[in-house]
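Subject: Structure handover

Hi,

Here is the structure I promised to pass on. Have a look at it first, and then read my notes below.

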Amino acid sequence: MGLLEKTVREITPADERAAQAARRRWDSIAKPLHSLGLLEDAVVRIAAMGGSPDVDLSRRAIVAMCADHGVVAEGVTQTGQEVTAIVTENMSKGDTSVCCMARVAGAELVPVDIGVARPVEGARILQRNLMRGTRNMTREPAMDRETCVRAIETGIQIAQELCASGVKLLGTGEMGIGNTTASSAVVSVLLGVEPETVTGRGAGLSSEGLARKVDAIRRAVAVNQPDPTDPVDVLSKVGGLDLAGLAGVFLGGAACRVPVLVDGFISAAAALCAVRLCPAAGDYLLASHVSAEPAGELLLEALGLTPFLRARMCLGEGTGTAAVMPLLDMALAVYREMATFDEIEVEAYQPLT
């Protein structure tokens, strides 16, 4: 049995009894019921994920999957592939947007070279390269099925290693010029919607560039005929190594009963693949924000997730996941530290009927 199949079998639904215990704790705290809204809901869900109302998020890490995409040859991006390598190496130096935000959030950033087109150097980069970028999906499959499975399993392994080291909260991020094109293709196939509905300007395309991007997705789907009932087939034909790796992180985190924060559009596309592979993995997802990309809302609806933030962010890298980690810390401070109605000798609020 391969690691992917084994991991899917190990994922179990979240613990409803732990969720109920966490909700009782919230309801006992001396404040109006459910007045912290989504923050309370998140703590309840995290308790269910870990199987205990004693929630610990003290160690956290953001996994940034870095990979190139052959479809950039179709003129679907504003910049060239060389940018992927540059930003990946800057992640190792601590000099990108997510690095700055992760420092504030107290999160370790883990950049992974899973498919960068040229070798990258940096002490913090996990060297897990499977291909020097995918092939041009408008002409042939982006990768073969075996490589796609290996990419998913790479993500699983990284998540499992981080959880084994004591990480209690995982964030997801990515870097890869062309990855919004691959993500739009994957989402178009899995949700059965037209490419223009789920395709945006990415890092800043002109209207002419956007039209080329939509056309490239149409041609890629027509050439490869991905099977919407088989997420691995879809990822291998019109996806990317970064997407497959992130799908593995979601599965690996779920198998370890650790919450995994979904970042923006690309991360959410990967999460959709993970949930299609194993529906129970959805119990372990938290949406950090809703991407400004056209499919941002659509994806979260498909995943059944409500975002913490609506900040018009579309940067990627894991910046959304870093942004919400301090919010979770504040929620946990109230959950753990605030006095109860009994302790201050005040009559508790009663739920409305």
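What follows is a walk through what turned up, starting with the sheet and ending with the charged pairs.

One thing before you start: this is a predicted model, so please read everything below in that light.

**The sheet**

The sheet is a good place to get your bearings. It is open and built from 6 strands, in the order S3-S2-S1-S4-S5-S6, with parallel pairing. At its edges you'll find S3 and strand S6 (285-287), each of which pairs on one side only.

Strand S2 (residues 107-115) is worth a closer look. Of its 9 residues, 8 are buried, so the rest of the structure largely encloses this strand. On one side S2 pairs with strand S1 (residues 60-67), in the parallel sense and over 8 bridges. If you want a spot to zoom in on there, Arg-60 stands opposite Ala-107 in S2. S2 is also joined to strand S3 (residues 126-127), again running parallel, by 2 bridges. In that pairing Asp-113 is found opposite Gln-127 in S3.

Further along the sheet, strand S4 (residues 169-175) pairs with strand S5 (residues 260-262), with 2 bridges in the parallel sense. Here Leu-170 sits opposite Val-260 in S5.

**Helix H10**

Next, helix H10 (residues 241-255). Its 15 residues reach 21 Å from the first C-alpha to the last, close to the 21 Å expected at 1.5 Å a residue. How many of its residues are buried? The count is 15 of 15, so to speak a full house, and H10 is mostly covered. Just after H10 comes Arg-257, which takes a positive phi of about 60°.

**Two residues to compare**

Thr-84 belongs to helix H4 (residues 82-93). Is Thr-84 buried or exposed? With a relative accessibility of 0%, Thr-84 counts as buried, because the cut-off for that is under 20%. Its side chain makes a polar contact of 2.7 Å with the side chain of Asp-68. Setting aside neighbours within four places in sequence, Thr-84 is in contact with Ala-67, Asp-68, Val-116, Met-175, Gly-176 and Ile-177.

Now turn to Gly-192, which you'll find in the loop between helix H7 (179-191) and helix H8 (207-224). Gly-192 has 65% relative accessibility and therefore counts as exposed, the cut-off being over 50%. For a sense of scale, Gly-192 and Asp-95 are 97 residues apart in sequence, and 39 Å separate them in space, C-alpha to C-alpha.

**An aromatic pair**

Searching the whole structure gave 1 aromatic pair. The rings belong to Trp-26 and Tyr-335: their centres are 5.3 Å apart and their planes are at 50°, so this pair is tilted. It links distant parts of the chain, with Trp-26 in helix H2 (residues 16-28), Tyr-335 in helix H13 (residues 319-337) and the two positions 309 residues apart. Both Trp-26 and Tyr-335 are buried.

**Charged pairs**

Side chains of opposite charge can pair when their charged atoms come close. In this model the count comes to 19 salt bridges, and here are a few to click on.

- Arg-9 and Glu-5 meet through their side chains at 3.0 Å, N to O. Both lie in helix H1 (residues 3-10), 4 residues apart, or about one turn of the helix. Arg-9 is exposed, at 59% relative accessible area, while Glu-5 is partly exposed at 39%.
- Arg-135 forms a salt bridge with Glu-140, and their closest N and O atoms are 3.5 Å apart. Arg-135 counts as partly exposed at 32% relative accessibility, and Glu-140 counts as partly exposed at 35%.
- Asp-233 forms a salt bridge with Lys-237, with 3.2 Å between the closest N and O atoms. About one helical turn separates Asp-233 and Lys-237, because they are 4 residues apart in helix H9 (residues 231-238). At 12% relative accessibility, Asp-233 counts as buried.
- Arg-23, Lys-31, Glu-40 and Asp-41 are linked in a network of salt bridges.

That's the tour. Shout if anything is unclear.

Cheers

Definitions and conventions. Residues numbered from 1 in each chain as written. Predicted model: local features only at pLDDT ≥ 70, side-chain atom pairs only at ≥ 80, totals over all residues. Heavy atoms only, no water. Salt bridge = Lys/Arg side-chain N within 4 Å of Asp/Glu carboxyl O. Buried < 20%, exposed > 50% of the residue type's maximum accessible area, 1.4 Å probe, protein only. Pairing = 2+ DSSP bridges. Phe/Tyr/Trp six-rings, centres within 6.5 Å; stacked < 30°, edge-to-face > 60°. Polar contact = N/O pair within 3.5 Å; in protein donor to acceptor, adjacent residues only side chain to side chain. Contact = heavy atoms within 4.5 Å. Expected span 1.5 Å × (residues − 1).
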